[in-house]
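Q: Please go through the terms used for this ligand site and the protein around it, and set each value against its definition.

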Amino acid sequence: MCGIVGYIGNKKATDVLVDGLSKLEYRGYDSAGVAVFDEEEIKVRKYKGRMAVLEEHLKEEDLKGTIGIGHTRWATHGEPSDRNSHPHTNVSGSIALIHNGIIENYMKLKEWLIETNGDHFKSETDSEVIAHLIDYYYKGDLLDAVYKAIEKMEGAYAIGVICKDEPDKIVAVRKDSPLIVGLGENENFIASDIPALLKYTRDMYLIENDEVVLLTKEGVIIFNELRQEVKRDVFKVTWNAEAAEKEGYEHFMMKEINEQPKGIHDTLHRRLDKDDHIVLDGIQLTKEDLDKINKVYIVACGTAYNAGLVGKYAIEKFAKIPVDVEVASEFRYKEPFIDDKTLFIAVSQSGETLDTLAALREAKRKGARVLSVVNVVGSSVSRESDDVFYTWAGPEIAVASTKAYTTQLVSMYLIALHMATTKGSLEEAEYKKIITELKSMPDKVQKILDDTKNIQQIADENFNHENAFYIGRGIDVNVAYEGSLKLKEISYIHSEAIAAGELKHGTIALIEEGRMVVALATQDRLYQKMLSNIQEVRARGAYVIAVAKEGNKEIEKVADKVIYIPDTMDELTPILSVVPLQIFSYYIAVARGCDVDKPKNLAKSVTVE
Ligand code: F6R
């Protein structure tokens with residue numbers, strides 16, 4: 001979703017803003033703009049389209065100002081256009097504002113402002129209302145005006161404001177939308193996310209909800225909602241800027257697919273001691289804690305939800321505790337059976353997904369203990385959870401999630417195995433077998449990555465389909481969901497995943513000559529059943545691409561193409577079988593000329609409902 005960057009210091013602000021915004025492109029956007037205090041006035045430049053359009057325009061003039069704010073917009077209220085893009089200003093242009101989030105009561109505020117001051121609105125956005133509201137309260141003190149404005153605002157927002165009459169400051173606010181502050185020497189920054197600032201500093205303040213920040217060149221003061229100053233420890237970012245660069249890969253997605261062996265290795269080994277026992281470092285899952293739990297709820301969105309489905313399988317299988325999995329946007333408006341005997345597990349790469357965050361808060365309100373599986377350290381989900389199990393995927397930039405998914409799988413397996421051994425529902429020998437196999441996963445994933453020619457060739461021969469079906473049985477169907485999501489989101493091919501046994505209850509009506517069906521057949525226990533399902537679709541003309549364990553020659557007789565994964569135990573196949581599906585989707589999208597890292601209409605961090 002929208003990205004925000006702000007700078008105050010001695011450098012040319014447009015350089016810092018453009019650079020920072022380009023690092024936030026992955027969040028998804030359709031327009032970009034900056035406002036800079038230059039030659040005693042605020043100059044706003046904003047355009048529909050990619051960052052390159054803004055950069056071209058900025059090349060035409062030399063804005064020398066050293067204080068400014070910048071924004072990439074992902075349209076919610078009003079179409080993508082120059083006038084709807086940010087920054088927005090008050091009528092005189094003396095106040096400029098950037099906003100990420102949604103102002104829920106903007107219609108009411110807009111009507112009131114029109115009644116009071118007349119209709120001076122230039123855009124259809126909810127955000128412009130904030131600029132007019134701050135102007136309404138402005139009496140020579142920007143900080144005070146911002147405080148008064150946010151009292152009237154409902155919804156989610158991270159905002160950054162500059163004012164011509166106080167050109168030595170930026171005021172920023174966070175409520176339910178991410179905001180960080182970067183600390184430099186005689187310069188300070190704001191941004192939606194860490195990669196935007198890594199070129200300049202690794203010292204950050206993670207801003208909390210309802211906090212207001214006053215930035216000058218010399219310093220940063222954080223205030224709470226009562227206008228009291230609060231102290232914050234400096235958060236030191238340990239990963240470097242290169243981790244968020246493409247490093248020779250054409251796309252972040254392919255780079256991140258290739259980083260999976262490392263992500264899996266790191267996630268696993270950070271949680272294993274020298275005897276291969278799981279170390280949870282204080283995460284409250286002791287025998288006493290588990291004895292109090294009679295149910296687990298896993299809640300997440302998209303790919304993280306798909307990882308949660310595998311988590312359910314693993315927890316139920318190994319730990320014998322009943323698990324419900326729910327998409328966060330549904331969970332919020334249901335009446336889930338949750339109480340203090342429930343362990344609520346939120347899964348989120350970004351840790352900023354608003355639906356997941358809201359579900360987590362709801363679960364907490366009902367008394368559940370919250371454990372989150374999160375990739376971004378210090379994110380909202382991690383901060384609001386009782387315990388956090390970090391995945392060690394490193395920064396994921398491509399919109400389509402790949403390494404986050406496999407590291408989430410590893411985390412879910414570790415949580416399940418820990419629960420099982422603590423409860424005594426899994427024999428030590430069985431545990432050792434599974435851990436040994438888990439430890440072989442980085443090498444097995446690497447083996448798939450070392451030879452992707454077959455997958456690329458199948459993709460090149462099949463990129464022109466407009467429909468696809470993914471089928472599987474048992475744990476395979478969960479991977480089918482993820483494979484199908486990957487294909488549709490980056491290649492725009494309509495795709496549907498379904499339990500293979502369900503086909504005959506409706507969906508098989510859509511199977512016709514040449515229809516692409518990706519069939520996961522990795523489960524030894526269900527293999528014969530799956531073979532029958534493949535034959536059913538083949539008999540109706542389907543073109544079948546099967547994913548099977550190496551050594552299975554029989555499947556070549558029924559499938560048009562076979563992609564092999566290294567042999568492993570049935571329970572752990574998702575970590576391997578998803579990898580060729582990611583690669584397959586990638587090459588299909590490339591062949592179709594799609595913008596792989598930034599698919600249309602999508603955003604990396606979904607901070608609106
Ligand atoms: C798909 C994808 C999304 C995210 C979903 C949740 O490739 O990336 O479906 O998985 O938006 O995001 P997080 O994990 O950040 O909560």
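Q: What makes two residues of the shell around the ligand charged?
A: Asp, Glu, Lys and Arg count as charged; Ala, Val, Leu, Ile, Met, Phe, Trp, Tyr, Cys and Pro are nonpolar, and the others, Gly among them, polar. On that scheme the shell divides into four nonpolar, seven polar and two charged residues. The model is predicted: local features need pLDDT of at least 70 and side-chain atom pairs 80 or more, while totals for chains, interfaces and linings use all residues. Residues are numbered from 1 along each chain, and side-chain values use heavy atoms, without hydrogens and water.

Q: How do you know that 13 residues surround the ligand?
A: A residue is near a molecule if one of its heavy atoms lies within 4 Å of it. The count for the ligand is 13, with Ser 348, Gln 349, Ser 350, Thr 353 and Glu 489 the closest.

Q: Why is the pair between Ser 348 and the ligand called a polar contact?
A: A polar contact is a pair of N or O atoms within 3.5 Å; the donor and acceptor condition applies within protein. A side-chain N or O atom of Ser 348 is 2.6 Å from a ligand oxygen, so the pair qualifies. A polar side-chain atom of Glu 489 lies 2.5 Å from a ligand oxygen, and a backbone N or O atom of Val 399 lies 3.2 Å from one.

Q: Why is the protein chain called as compact as a globular protein of its length?
A: The globule rule is 2.2 Å times the number of residues to the power 0.38, and the radius of gyration is taken over C-alpha atoms. For 609 residues the rule gives 25 Å and the chain has 25 Å, so the description holds.
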